[in-house]
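Student: Hi! I'm new to this one and would love a tour. Can we go through it together?
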Amino acid sequence: MKRASAVLSLVCLGMFILGTSVAHGLWTGPAVGWGCNSDGQGDVPADLVAVSAGDLHGLGLRSDGTVAAWGNSYYGQCDVPAPNADFVAVAGGWYHSLGLKSDGTIVAWGADNQGQCGVPTPNADFVAVAGGYQHSAGLKSDGTIIAWGSNSSGQCDVPAPNADFVAVAAGHTHSLGLKSNGTIVVWGSNDFGQCDVPLPNTGTVAIAAGSVYSLALRSDGTIVAWGHNNYGQCDVPAPNADFVAVAPGHFHSLGIKSDGTIVAWGHNNYGQCDVPAPNSNFVAVAGGGFYSLGLTFDGTVVAWGSNNSGQCDAPLSNADFAATAGGGWHNLGLKSDGRVMAWGYNYHGQCDVPVPNADFVAVAGGDRHSLGVQPGPQVRWDGRGLGEQWFRPV
């Protein structure tokens, strides 16, 4: 049986990174970071159970409820306010940070030029938090969403009736909420129609916020996509049926069918939509900048598309993978025995997994560095350099 795993997904919008975690098991022990450490973002504290990433800073939730922050702190985004205790979740915005406390309050710190750290009163009863470009959003236990910060495009103006929400997501300058009845509400910038949810707006079970387009998975197995469609990334191919998962790339989209096949559409300048044969037995999918990754039932990783830095060259012994994560031009794979394999662009050492390479339970790819969670001792190292890469989420 493969070990329980969690995958940290990051969205890079220019210089902006959003973090979203999808957990299949508890993250335990310290995180391990490698690659570019120009701002200390690889100097990861010990005893973390969850991690999130901002542009050039990292956030970690410790098992004792304290928050650890490292990396660039030019705007104070790493200066966790006192008392640093009783946190249950963290989220990284561009240059600001957010933490959710066990009593349902949100604490925000860092860049506050647009009021993104000014949590509105009453600051109580929050159950989830999301960080956008220069705005923030929180979901309350009563199903309402509160948003604050930059409102240049109305991204903080939650439409009425503000009730019955079960999920929230923050895009670049637009926001999304999923209602308990399966309807989607979107507000904010609509210059590409990213707020125009297609009809019928019912039966949604999952939402995802891209930079200027969005994807939704419906309970009947269909995918709905809307917004910027310059490369056809919103044109779901026929037959649009039997999907069980969806993932956005830069300008392309991917979905997994119930039979284990992957369908990809949109920008295909590097073949990122050409799923290799045999297209079968996939259990997870991820979109990179201009390439794609699929994880198969037997634990092997399949990668296709742009390979200018070897990001599609899965390492030898391509078997027994339990999870994958994609950076802009490098990849990470977690083996069922707890080892991490990394390949692709390595200018900053982001593929040089430190020793001991063992007992990992989760992996994540940052802009120019990598992270792993393991129950063993903390490992730290520096991979300074000048290169940069474009990163797109799992």
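Tutor: Happy to! One term to begin with: a residue is buried under 20% relative accessible area, exposed over 50%, and partly exposed in between, using a 1.4 Å probe and protein chains only. Also, this is a predicted model, where local features need pLDDT of at least 70 and side-chain atom pairs count only at pLDDT 80 or more, while totals for chains, interfaces and linings use all residues. Residues are numbered from 1 along each chain as its sequence is written, and side-chain values use heavy atoms, with hydrogens and water left out.

Student: Thanks! Where does Asp86 fall on that scale, then?
Tutor: Asp86 has 48% relative accessibility, so it counts as partly exposed. Its phi is positive, about 65°, although Asp86 is not a glycine. You'll find Asp86 in the loop between E6 and E7.

Student: What does the E stand for, and how many strands and helices are there?
Tutor: E marks a strand, a DSSP run of at least two residues; helices are H or I runs of at least four residues, and both are numbered from the N terminus. The protein has 29 strands and zero helices.

Student: Which other residue that is not a glycine has a positive phi of about 65°?
Tutor: Asp242 does. Asp242 sits in the loop between E18 and E19, and its relative accessible area of 46% makes it partly exposed.

Student: Back to the loop between E6 and E7: where is there a cis peptide bond?
Tutor: Look at Ala82 and Pro83, which are joined by a cis peptide bond with omega about 0°. Pro83 lies in that loop between E6 and E7. Another cis bond runs from Leu199 to Pro200, with omega near -5°, and Pro200 is in the loop between strand E15 (184–188) and E16.

Student: What does E16 pair with?
Tutor: E16 pairs with strand E17 (residues 213–218) in the antiparallel sense, over five bridges. Two strands pair if DSSP finds at least two bridges between them. As an example, Ala206 has Leu217 in E17 as its bridge partner.

Student: How many strands are in that sheet, and in what order?
Tutor: Three strands, ordered E16-E17-E18, make an open sheet with antiparallel pairing. Strand E16 (204–209) and strand E18 (223–227) are at the edges with a single partner strand each, so one side of each has no neighbour in the sheet. From one strand to the next, the twist averages 15°; axes here are lines fitted to C-alpha atoms (for helices over the stretch in contact), and angles between N-to-C directions run from 0 to 180 degrees.

Student: New topic: how many aromatic pairs are there?
Tutor: The count is nine. Rings of Phe, Tyr and Trp (its six-membered ring) pair if their centres lie within 6.5 Å; planes under 30 degrees apart are stacked, over 60 edge-to-face, and the rest tilted. Tyr75 and Tyr95 form a tilted pair, 5.1 Å centre to centre with 35° between the planes. Tyr75 is in the loop between strand E6 (67–71) and strand E7 (87–92), and Tyr95 in the loop between E7 and strand E8 (96–101), so the pair ties together parts 20 residues apart in sequence.

Student: Is Tyr75 buried or partly exposed?
Tutor: Tyr75 is partly exposed, at 43% relative accessible area. Ring pairs also link Tyr74, Tyr75 and Tyr95 into a cluster.

Student: And how many disulfides are there?
Tutor: Zero, searching the whole structure for cysteine sulfur atoms within 2.5 Å of each other. As for cysteines, Cys195 is buried at 14% relative accessible area, and Cys234 is buried at 10%.

Student: What about Gln134: where is it, and what does it touch?
Tutor: Gln134 lies in the loop between strand E10 (126–131) and strand E11 (135–140). At 18% relative accessibility, Gln134 counts as buried. Leaving out residues up to four places away in sequence, Gln134 touches Trp94, Asn113, Gln114, Gln116, Gly149 and Ser150, where a contact means heavy atoms within 4.5 Å.

Student: Last one: how much of the whole protein is buried?
Tutor: Of its 394 residues, 61% count as buried.
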